[in-house]
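Please look over the structure shown below before reading on. The paragraphs that follow lead through selected helices, loops and side-chain contacts.

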Amino acid sequence: MQQSGVAFGTSGARGLVSAMKDSVCFAYTVGYLKHLAALGEFAPGTQVAIAGDLRPSTPRIIRACIAAIRYMKGEPVFCGFVPTPALCLHAFARGIPSLMVTGSHIPADRNGIKFNRAHGEFLKSDEAAMRECDVTLPDGWFDATGALVTPVEMPRVTDVVPAFVARYRDFFGPDALSGLTLGVYQHSAVGRDVLVEIIEALGGKAVPLGRSEAFIPVDTEAVRPEDSALAREWTAGGALDAILTTDGDSDRPLLADRAGNWLRGDVLGILAARALHAAAVTTPVSSNTALEQAGFAKTVHRTRIGSPFVVAAMTDAARAGDVPSVGFEANGGFLLASDINHDGRTLAALPTRDSVLPMLCALVAARARGNDLGALVNTLPQRFTLSDRLVEMPTAQSQARLAQLAKNPAGGAAELGFTEACGPLSGVDETDGLRMTFDKGEVIHLRPSGNAPELRVYVEAASPQRAAELLQTGMDAVSTWRHAPQ
């Protein structure tokens, strides 16, 4: 791991494509299966499901992973190029391990492997145990550059899409989206065609938009200006009730209203949790505090950023009897720790990020309000979050800066211009990065990304305009960290 530069991030192993050599991906997969063997979840003959996103490097990495599965005498089940939650739905239902080759929203020069256990996501404790596994590469399988030279026969594709579509049709009903005309921003998302199928299966009219053969790194947590412009352009004629899209592996949603305004993922998560009558809601510390102010949940649990942390806490809530227990992230990914029962229909638990469920919950709820998502959002307490990222900021450099800031938060906030912009500092939360809350309730949160050499900046305020001002203040301040002496 140290030599390759491929390491565990927020969700799985991530690295530059140039670093993710066949030998590295093979070794990671063998280590993963050895760890599962120690847990009793893998043995010779065990099926292991695998799928991938649409990045150019993904097919090569899939082959290396399949080679590793066969080397360990497992049976690879190739699910094709499908959304991460579709893969997980198939694997969790059968109690088999699964891995997804994806870099999620990050640029195409990077990729990753997301590992799952037989019934849920890999937790941070699993990553730590997997690190301890000894892996020896088989002689003659790789050349001097780490490229796989042993032939790999690809299994036939196991079609997991019909079950994924049926999940939503059976719960919401075949007329749930009747009368709605919905744009589907397809770009290069692996679930771009599946999303169209789901809309049509629920009675809506789907209008494909913006399909691309080149990979586009759509980040649902930091929407690109060009994607905001596209949404406004597509909705200008008034023909669309909403626009739906996802990130690269289609486990994180992005939903726009009829005016082309993209909803924040944490707002979408609150709408979905409320629609599902959740008793317990788990979400990272960076999510919108309108959740607590909305008051519908019996308990709210705040965690570090990353689905493994959310999964662990929401599972604990479910075990304690607080059900339905759900989780969501600021990127919009929504997770179910327990079944949802409504009008005689059951939606089975799916403890991994799901992009489709929260968008459907919001659209169905908005349908009762004249198909107006904007009106639905206005029923929530008026708190607004925004985020952006300082790219090409080495993680170690970000961590050093934040460690220095944590020693004297009040002095550091003043030096960065935050006190002048927001008033006195009233609280600091170090659950994940450094989250500073000021006297008027405004928030500036700084955190190194777990997936790429980036520094994330999150803000929260009482109006969209004020949130935009705070985000600019935060970005201007940390941009000086790139080159200034530490």
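In which loop does glutamate 392 lie? Glutamate 392 belongs to the loop between β18 (384-390) and α13 (395-407). The model is a predicted one, and in this model the phi of glutamate 392 is near 55°, a positive value in a residue other than glycine. Most residues other than glycine have a negative phi, and most peptide bonds are trans. Glutamate 392 has a relative accessible area of 56% and is therefore exposed, given that exposed means over 50%.

Lysine 73 offers a second example of a positive phi in a residue other than glycine, with a value near 65°. Its place is the loop between α2 (58-71) and β4 (75-78). With a relative accessible area of 58%, lysine 73 is exposed. A further backbone feature concerns proline 324, in the loop between α10 (307-319) and β13 (325-328). The peptide bond that leads from valine 323 to proline 324 is cis, and its omega is near -5°.

The account now turns to helix packing. Two packed helices are described by the angle between their axes and the distance between the axes. Helix α5 (residues 161-172) packs with helix α11 (residues 356-367) at an angle of about 30°, and the two axes are 12 Å apart. Because angles under 35 degrees count as roughly parallel, α5 is described as roughly parallel to α11. The crossing in which α5 passes α11 is right-handed. On the α5 side, the residues that meet α11 are Phe164, Tyr168 and Phe172; on the α11 side, they are Val356, Leu357, Leu360, Cys361 and Val364. The contact of α5 with α11 consists of eight nonpolar residues, with no polar and no charged ones. An α-helix has 3.6 residues a turn, so residues three or four places apart point the same way. In α5, Phe164, Tyr168 and Phe172 take part in the contact.

Helix α11 also packs with α8, here at an angle of about 70° and with the axes 8 Å apart. Since angles of 65 to 115 degrees count as roughly perpendicular, α8 and α11 are roughly perpendicular to each other. Leu268, Leu271, Ala272 and Ala275 in α8 are in contact with Pro358, Met359, Cys361 and Ala362 in α11. The residues of this contact of α8 with α11 are likewise eight nonpolar, no polar and no charged. Cys361 of α11 is listed in the contact with α5 and in the contact with α8.

How many of the 11 residues of helix α8 (residues 265-275) are buried? Nine of them are, so α8 is largely enclosed by the rest of the structure. The buried residues of α8 are Gly265, Asp266, Val267, Leu268, Gly269, Ile270, Leu271, Ala272 and Ala273. Just after α8, histidine 277 has a positive phi of about 55°.

Helix α6 (residues 192-201) is mostly covered as well, with seven of its 10 residues buried. Those buried residues are Arg192, Val194, Leu195, Val196, Ile198, Ile199 and Ala201. Among the elements that cover them are the helices α5 and α11, together with the strands β7 (181-187), β8 (205-211) and β9. Glycine 203, just after α6, takes a positive phi of about 90°.

The last part of the account concerns a group of polar side chains. Aspartate 247 is placed in the loop between β9 (242-246) and β10 (253-256). Is aspartate 247 buried or exposed? Its relative accessible area is 0%, so aspartate 247 is buried. Not counting residues up to four places away in sequence, aspartate 247 touches Ser104, His105, His187, Ala189, Val218, Thr220 and Arg252. The side chains of aspartate 247 and serine 104 are joined by a polar contact of 2.9 Å.

Histidine 105, one of the residues that aspartate 247 touches, lies in the loop between β5 (98-101) and β6 (110-116). With a relative accessible area of 4%, histidine 105 is buried. The side chain of histidine 105 makes a polar contact of 3.4 Å with that of arginine 252, and a polar contact of 3.2 Å with that of arginine 456. Arginine 252 thus appears among the residues touched by aspartate 247 and in a polar contact with histidine 105.

Conventions. Residues numbered from 1 in each chain as written. Predicted model: local features only at pLDDT ≥ 70, side-chain atom pairs only at ≥ 80, totals over all residues. Heavy atoms only, no water. Axes fitted to C-alpha atoms, helices over the stretch in contact; angles between N-to-C directions. Helix = DSSP H or I, 4+ residues; strand = E, 2+ residues; numbered from the N terminus. Parallel < 35°, antiparallel > 145°, perpendicular 65-115°, else oblique. Left-handed = near helix turned anticlockwise from the far one by under 90°. Contact = heavy atoms within 4.5 Å. Nonpolar A, V, L, I, M, F, W, Y, C, P; charged D, E, K, R; others polar. Buried < 20%, exposed > 50% of the residue type's maximum accessible area, 1.4 Å probe, protein only. Polar contact = N/O pair within 3.5 Å; in protein donor to acceptor, adjacent residues only side chain to side chain.
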